Amino acid sequence: MSGFLKSSIGRKIAMALSAFFLMFFLIIHLAVNITSIFSPDLFNELSHFMGTNPLVQFALQPVLVFGVVFHFVMGFVLELKNRKATIVKYVQDNGAANSTWMSRNMIYSGIAILAFIVLHFIDFWIPELNHKYIVGMPEDPTRYFGELQHKFVPVWRVIAYVVAFIFLGLHLAHGFTSAFQSMGSTAGRKKTLQQIGKAYSVIIPLGFIIVAVFHFLNH
Amino acid sequence: MNLTLKIWRQKDSNAKGQMVDYKVNDISEHMSFLEMMDVLNEQLVNSGEEPVAFDHDCREGICGMCSLYINGEAHGPDRGITTCQLHMRMFNDGDTITIEPWRASPFPVIKDLIVDRMAFERIQQAGGYISVNTSGNTQDANSLPISKHAADEAMDAAACIGCGACVASCKNSSAMLFVGAKVSQYALLPQGQVEAADRVKNMVAQMDLEGFGNCTNTGACEVECPKGITLESIARMNREFVKANVKG
């Protein structure tokens, strides 16, 4: 297995597998967030479930953290290897003639998303861990909606979230079909999946943006 | 037409190269790009200067020797052709044309526009073959039934001439389109099955050893490939690689 993961194709497949998991996670995360727009109670209920269910907390959450860390670390490892393979650059390189901007700049959209995740962890995850495991405050199933609204009061945070989600959309615009190709599937080259990929890369970020802007305007 | 050429000049593999400007006049639009380079070299020789070194052989688009990066694209702005099949009608009078060698760490510059593509040969030697007895007992190829679809796809993959445009166009200098094509042409045929697992593992290992970058599916390679090799070859290689590793 370690030999497989040291090979270029093995790493490519591992990147795709972690991408599939993260893309599935985004759907779940957005589905929960969207409920905050029309039903604070449902949002509280779902957040309470996610925050206290042992299967989510101790099985899915560690897998998620591993998936996120793995995707980033491997992304940087591969980027460094690729840079080593291209030490001397062209004087004139017309990349736009044969590939999309998104596909050529995955590392930069990825770095923007990483910066967002750091902010997101500081905003939600670390206070959550502190609440539950460090300070050990009693669980209040109705606290989540208020915490969410409170976060979207400062305009700078809303702008940061919007910008980050635009980068997420750019990342997904290439990443969605690219993950299928890496897995050895030619489905990503078919029109149907390309359209699903385009829709996914617009709907997911837009959904998160709508939630952030909605709470900024309605706090 | 009259043109300004910006060409990479490098004395040898250890020298520090640089772009040098040249003027060529009265170029016919019917000339091939390499004929235009011949005109330049004749001009340079007549004036006692060192001609520009560039690779070429058949000049019919089938040998895979010519290899120029023209105006930021492998084999220039046209599609589905090698540099020798590029014609000057693709350019306009007064144009400035930038001409560089393939850029990839595993393809070091030997001189001017010539790069060392032996890394491709070593990848081929690692598994790009089938072991058959050819000492007078060769079987009739038609004795093995092969579906038309598989034969067509194998032939499409075998069209790869190993020019290296895929590596040159890739922002990561990945050789996966080349290796994918070589793996595919055998993976699709019954003759290739016996050594299939070893082939893909050994060729990928050699590819990694040569220092080629990793594929990020930008698709630049398939756009610039003069022989129309597609990303489906890479997908097939990925499947073959997983299959070979699962089998152990």
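**Exercise 1. Find how many salt bridges the whole structure holds, then work through a buried pair in chain A.**

Searching the whole structure gives 21 salt bridges over all chains. The rule asks for a side-chain nitrogen of Lys or Arg within 4 Å of a carboxyl oxygen of Asp or Glu. Before going on, some ground rules: this is a predicted model, where local features need pLDDT of at least 70, side-chain atom pairs count only at pLDDT 80 or more, and totals for chains, interfaces and linings use all residues. Residues are numbered from 1 along each chain as its sequence is written, chains are lettered from A and ligands numbered from 1 in the order in which they are written, and side-chain values use heavy atoms, with hydrogens and water left out.

Step 1: take Arg157(A) and Asp123(A), whose side chains meet in a salt bridge at 2.7 Å, N to O.
Step 2: place them. Arg157(A) sits in helix H8 (residues 155-182) of chain A and Asp123(A) in helix H6 (residues 106-134) of chain A, so the pair ties together parts 34 residues apart in sequence. Helices here are DSSP runs (H or I, at least four residues), strands likewise (E, at least two), numbered from the N terminus.
Step 3: check burial. Both Arg157(A) and Asp123(A) are buried (under 20% relative accessible area; exposed is over 50%, partly exposed in between, 1.4 Å probe, protein chains only).

**Exercise 2. Work out which residues are linked with Arg143(A) in a network of salt bridges.**

Step 1: start with the pair Arg143(A) and Glu128(A), with the closest N and O atoms 2.8 Å apart.
Step 2: Arg143(A) lies in the loop between H6 and helix H7 (144-151) of chain A, and Glu128(A) in helix H6 of chain A, so this pair ties together parts 15 residues apart in sequence.
Step 3: Arg143(A) and Glu128(A) are both buried.
Step 4: the network links Glu128(A), Lys132(A), Glu139(A), Arg143(A) and Glu147(A).

**Exercise 3. Decide whether Lys243(B) and Glu240(B) are buried or partly exposed.**

Step 1: their side chains meet in a salt bridge, at 3.3 Å, N to O.
Step 2: both lie in helix H8 of chain B, three residues apart, about one turn of the helix.
Step 3: Lys243(B) has 43% relative accessibility, so it counts as partly exposed. Glu240(B), with a relative accessible area of 10%, is buried.

**Exercise 4. Describe the interface of chain B and chain A.**

Step 1: count the contacts (heavy atoms within 4.5 Å). There are 47 residues of chain B in contact with 36 residues of chain A.
Step 2: get the area. The two chains bury about 3300 Å² between them, 50% of it on carbon and sulfur atoms; buried area is the accessible area (1.4 Å probe) that two parts lose on being put together, summed over both.
Step 3: Lys171(B), Asn214(B) and Asn217(B) supply 19% of the area that chain B buries against chain A, more than any other three residues.
Step 4: look for charge pairs. The rule finds three salt bridges across this interface, including Glu222(B) with Arg189(A), closest N and O atoms 3.0 Å apart.

**Exercise 5. Find how much area the two domains of chain B bury between them.**

Step 1: chain B is divided into domain 1 (3-111) and domain 2 (117-131 + 146-247), with bounds from an automatic or database domain assignment.
Step 2: domain 1 and domain 2 of chain B bury about 1500 Å² between them, 56% of it on carbon and sulfur atoms.
Step 3: in domain 1 of chain B, Trp102(B), Pro106(B) and Phe107(B) lose the most area to domain 2, together 35% of what that side buries.
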